[in-house]
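Visitor: I'm new to this one. Could you walk me through it, one question at a time?
Guide: Happy to. Let's bring it up on the screen.

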Amino acid sequence: MSHGRSLRKGLRPNRVRGEVSPTMTSTGQDSTTTRQRRSRHNPHSPPHDSSVTSKRGVKKGALLHSSPSLAEVKKKGRMKKLNQAAEQDLVVGLQELDVNLEAKTLSGTGLVFDEQLNEFHCLWDDSFPEGPERLHAIKEQLIQEGLLDRCVSFQARFAEKEELMLVHSLEYIDLMETTQYMNEGELRILADTYDSVYLHPNSYTCACLASGSVLRLVDAVLGNEIRNGMAIIRPPGHHAQHSLMDGYCMFNHVAVAARYAQKKHAIQRVLIVDWDIHHGQGTQFTFDQDPSVLYFSIHRYEQGRFWPHLKASNWSTIGFGRGQGYTMNVPWNQVGMRDADYIAAFLYLLLPVALEFQPQLVLVAAGFDALQGDPKGEMAATPAGFAQLTHLLMGLAGGKLILSLEGGYNLRSLAEGVSASLHTLLGDPCPTLESPGAPCPSAQASLSCALEALEPFWEVLVRSAESLEEDFLEEENVKEEEGPWQPPALPILTWPVLQARTGLVYDQRMMGHYNLWDSHHPEMPQRVFRIMRRLEELGLAGRCLTLPARPATDAELLTCHSAEYVGRLRATAKMKTRELHREGSSFDSIYICPSTFACAQLATGAACRLVEAVLAGEVLNGTAVVRPPGHHAERDAACGFCFFNSVAVAARHAQAVSGHALRILIVDWDIHHGNGTQHMFEQDPSVLYISLHRYDHGTFFPMGDEGASSQIGRATGTGFTVNVAWNGPRVGDADYLAAWHRLVLPIAYEFNPELVLVSAGFDAARGDPLGGCQVSPEGYAHLTHLLMGLANGRIILILEGGYNLTSISESMAACTRSLLGDPPPLLTLSRPPLSGALASITETIQVHRRYWRSLRAMKVEDKERPSSSKSIPKKVTRSANRGSAVRMTAPDRNILDADAGKATAASSMEVATPDQAKSETAVVELIQDQTPEAPTGEAPADRTPSEAATGGATLNQPVVESAAAGATPGQTISEGAVGGADVILTPPALCTDNHTPPASRAQGATTQIAPSKLTENPRTSALNSKAQEAPESQIAEEEGLLGEAARGQDRDDSVLIQSFGDHANADQVMFYAVTPLPWCPHLVAVRPIPESGLDVTQPCQDCGTLQENWVCLSCYQVHCGRYISAHMLQHHEVSGHPLVLSYVDLSTWCYNCEAYVHHQALLDVKNVAHQNKFGENMPHSH
């Protein structure tokens, strides 16, 4: 028998004044992380009062004696004073937290659906996936399900140019505007200059309407007209960039909406969630240096083989400069990802970071091409899964959530996905997932990498320092056969029609149970009365369906209690006062009065009545405001203020009513461990019991080791008892939410319950005299909301403990609001999770990872494997009537392992249409006889021109100045390449000498072709039929010849020029054509030229050299290039400034894109530098 159990029979050990329990001096639970990271808050925690904590060996609710000789008569006054003081502290705390529970709750879901958006299509390709039939299918589905009439309809409006210019350049907007007046041939020519787009005379009008539709919803949501909304629009927008159409998109609707919300409505923080199967690179590039917008994308990547083929889409890209940490990418590296994978990404990464970020508005780029059956995505997510994702997001930003339609190309899946999300926005319960299971190993690997990359920037992502390494479990050590029972598949997309949403059970007769000897006992009758009064004051009781309470029948009680025990309690109704005192003293922390049996019977029956109403569809969910509590009650013993175990009896009653072993999740968030509930189900795999409680190493009531994390159930119930044991006071919102995200919800979704019961004790609430913890009403509201996504929304809260009358009233009111469908209130986390709390969570995870696959994490490195599969383009258009071309950029290009610094190569070539190759750099190799051997060594990672940003490592890249090719003094490499290829003759010997740096294919497999086969377009090379793929031995160092001087080769470029001269007449030559990017997303970093102008003779600010200097186009500092001391490279690494201009040849290099850039936005600064250098304007203005 444990030491704690030896004191159960009412013994109260005396303590001298000032003696403190060892558990109160522990600093393990109170200490916070000491790791350095960006400060986002000013963490503060009020000092805890040691007097509110139960002590080792003390009955539940007992207080310390000031002195062994202190008269017992003073006890009542002292306890009353304590309760008053604690309650006053809570009131002050609630005022500080701005609970605002009486604020008017917004209702209504806005919907923009305008038929005008169907007035454009592809004129030259009827099979183009993005067409009017998409909206037709959605409309038909919404009408069929009666959703259109349930929404608040808004008329689409045109976005003004000034609004579009918040993201796009005026020149680009004007260009798009001219498309209204172009004929089909002109539209096709312009469309072919972009990747995967088409143009129609109505494209511009519809794109303006689409952007304006989202802006109309922003006004409505932030103007408190509606709660949330959805814009069913086309064309999509998230690929559109500052001055570039891309991937079916003209204007970036969510990006414009974010900037519009910030400008017009003074919103400071916006969260953008992009769940389209394609990475929203346009949105990312818009905000990747902006800490006011948090961007989260979950998309198909496949190590860069999936469109848009950007390394910037990988987990390693996390933003730049001040925006570091505010870009979050979760790349899927295989097809077939399921709901469990998406939900895991939300739980482990998005929701924790979003709660720390505290957005004021959430915008969703809602593509539905990840749904099963979509020809583009090839994933296996379901409409029910997207309903879950929508529900999870509704807990953020006070429910201010707007979905903007993006992709989705299976008409049935698209329509059902939109419908499911709209149902959820309207407050309908989430459909039950069909065998959700756990995230697959590939998803876990992606999440592991993303978490590791982002952990330095977000306090909430910190793992327990005590077991950081031990947190990983090798797969082979897991015994799969010991895992939980796999639930059968359940029907999905069920939308119940309910008479009322929330049931409420209360009966004033339950106040008849009271302490005859101590009117200040914590478990007092006023507890339920005060809760009900508060629910009525706030109008919440009137919004619920009041259900009459009834006593539990003997048959119901006997499902969990013995007949002898039920008879023993029934006999107390006729006992005298002395007998009642003696009977109460025979149990642990119990008082009994003549009405006790009737009240306990009524409390349990009320819970059973609510279960009946939920299972019959009379209500969706419910609250039972009952007492006495129940979760400590054992099969044959009362304990800890509890007589009949109401939650346990309700669970067994639910299974009896349903006629089968209904899967039931019991979440016990009372601060005391529910020992009785645990014992009743510890061998039953149909009931998953999760308890979060103070344990204090076994010294907190009910004491002993029953609440330890090592208690996991028995026999077939092994793994279905989950204990999170807090080992100290002051646990608060951040700690409980961390447990929800990392442990409770992953297990719950894997278990897939059919009913959720909550032992809703509120003694972990701030101000409670027994719990000593700090959970706020807002915190309880969020915990409730997160659980409501389970079990088709069938959740019942049953009151347990909680002994501060204000705390329990406000907390239950907050939970009831959530049950009624109100969005959880804004939650301000004043600190990250406590280190001790993280240790407790981690300890439980380690114990249960053997039984729950959703808890397993693998310490993996994202080793992106080479593949022989072809690149998957956004759109492969018909080649008829269009000359085919060979894409010169390798689809399966070398991709850098950011962790290991290794690159792997795989050669492939695909026939691509011109629109797929427009932005590619052409590298054409002409070889007359034979190709030299490619040099050996580790290859630097290559980059396509469209790869605008990367978080990976950078490698040295050699360069050839345009002057070596005979460029005019005023002509940069970029300018020279615009009109035609700059040609550099390089003999084979030069490719094999010892000076050649290791290289890889810069843009893909080079192809042997004759000079006569070259086309005039430097970006593409048309080949005759039967073009052959270059063998691996012919992969030469194009990358080495296309690098940038400020960070390129280690040798002097005179070697290259001299070698070129020595071999000018060689029989074998190679020609290299360099084409700069026509645009890059980092042009926004270019700042106005200083009033003092530019001085091309200015020395390096670090070393004073006058040779090969570059000027930063963001801050206009001058530093030397790689050939000298690489100070410009160092400047970039420190400042994050991407674009620099060479004072040698006036070329412009983007570090983030790792490419030269030529764009109109650069002409002014180039011209100023040209005037300073040569005394005249540049010869070319374009």
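Visitor: Leaving out residues up to four places away in sequence, which residues does Asn621 touch?
Guide: Keep in mind that this is a predicted model. Asn621 sits in strand 11, which covers residues 619-624. Not counting residues up to four places away in sequence, the residues Asn621 touches are Arg501, Thr502, Gly503, Val614, Met788, Gly793, Ile795 and Leu819.

Visitor: Is Asn621 buried or exposed?
Guide: The cut-off for buried is under 20% relative accessible area. Asn621 has a relative accessible area of 0%, so it counts as buried.

Visitor: And with which side chain does the side chain of Asn621 make a polar contact?
Guide: A polar contact needs N or O atoms within 3.5 Å. The side chain of Asn621 has a partner at 2.7 Å, and that partner is the side chain of Thr502.

Visitor: Let's try a helix. How many of the 15 residues of helix 24 are buried?
Guide: Helix 24 runs over residues 805-819, and its end C-alpha atoms are 21 Å apart, in agreement with the span expected at 1.5 Å a residue. The rest of the structure largely encloses this helix, because the buried residues number 15 of the 15.

Visitor: Which residue caps the N-terminal end of helix 24?
Guide: Look for a side-chain oxygen that lies 3.0 Å from the backbone nitrogen of Thr806. At the other side, just after helix 24, Gly821 has a positive phi of about 100 degrees. The cap at the N-terminal end is Asn804.

Visitor: What about helix 12: how many of its residues are buried?
Guide: Helix 12 takes in residues 411-425 and reaches 21 Å from its first C-alpha to its last, close to the expected 21 Å. At its start, a side-chain oxygen of Asn410 comes to within 3.1 Å of the backbone nitrogen of Arg412, and Gly427, with a positive phi near 100 degrees, follows the helix. Helix 12 is largely enclosed by the rest of the structure, because its buried residues are 13 of the 15.

Visitor: Which residues have the most contacts inside the largest nonpolar core?
Guide: In soluble globular proteins, nonpolar side chains tend to be buried together. Here the largest nonpolar core has 207 residues, and its largest share, 14 residues, comes from helix 10 (residues 339-357). Apart from it lies another core of 35 residues, including Leu547 and Cys560. Inside the largest core, the most contacts belong to Trp275, Trp669 and Trp740.

Visitor: How many disulfides does the structure hold?
Guide: Take Cys560, which counts as buried at 4% relative accessibility. The closest cysteine sulfur, in Cys608, is 8.8 Å from the sulfur of Cys560, so the two are too far apart for a bond. For the structure, the number of disulfides is zero.

Visitor: How far apart in space are Ala1085 and Leu1113?
Guide: Ala1085 is in the loop between helix 30 (1053-1062) and strand 21 (1109-1112), and it counts as buried at 6% relative accessibility. Neighbours within four places aside, its contacts are Gln289, Leu1113, Ser1114 and Pro1138. Ala1085 and Leu1113 are 28 residues apart in sequence, but C-alpha to C-alpha the distance is 7.5 Å.

Visitor: Last one: what pLDDT does the protein average?
Guide: A score of at least 70 is reached by 69% of the residues. The pLDDT is below 50 over residues 465-492, and it is also below 50 over residues 875-1072. The average for the protein is 78.

Definitions and conventions. Residues are numbered from 1 along each chain as its sequence is written. This is a predicted model: local features need pLDDT of at least 70, side-chain atom pairs count only at pLDDT 80 or more; totals for chains, interfaces and linings use all residues. Side-chain values use heavy atoms; hydrogens and water are left out. A nonpolar core is a set of buried Ala, Val, Leu, Ile, Met, Phe, Trp, Tyr and Cys residues joined through side-chain atoms within 4.5 Å. Buried means under 20% relative accessible area, exposed over 50%, partly exposed in between (1.4 Å probe, protein chains only). Helices (H or I, at least four residues) and strands (E, at least two) are DSSP runs, numbered from the N terminus. The expected span of a helix is 1.5 Å times one less than its number of residues. A polar contact is a pair of N or O atoms within 3.5 Å; within protein, one must be able to donate a hydrogen and the other to accept it, and residues adjacent in sequence count only if both atoms are side-chain atoms. A disulfide is a pair of cysteine sulfur atoms within 2.5 Å. pLDDT is the predictor's confidence in each residue, from 0 to 100. Contact means heavy atoms within 4.5 Å.
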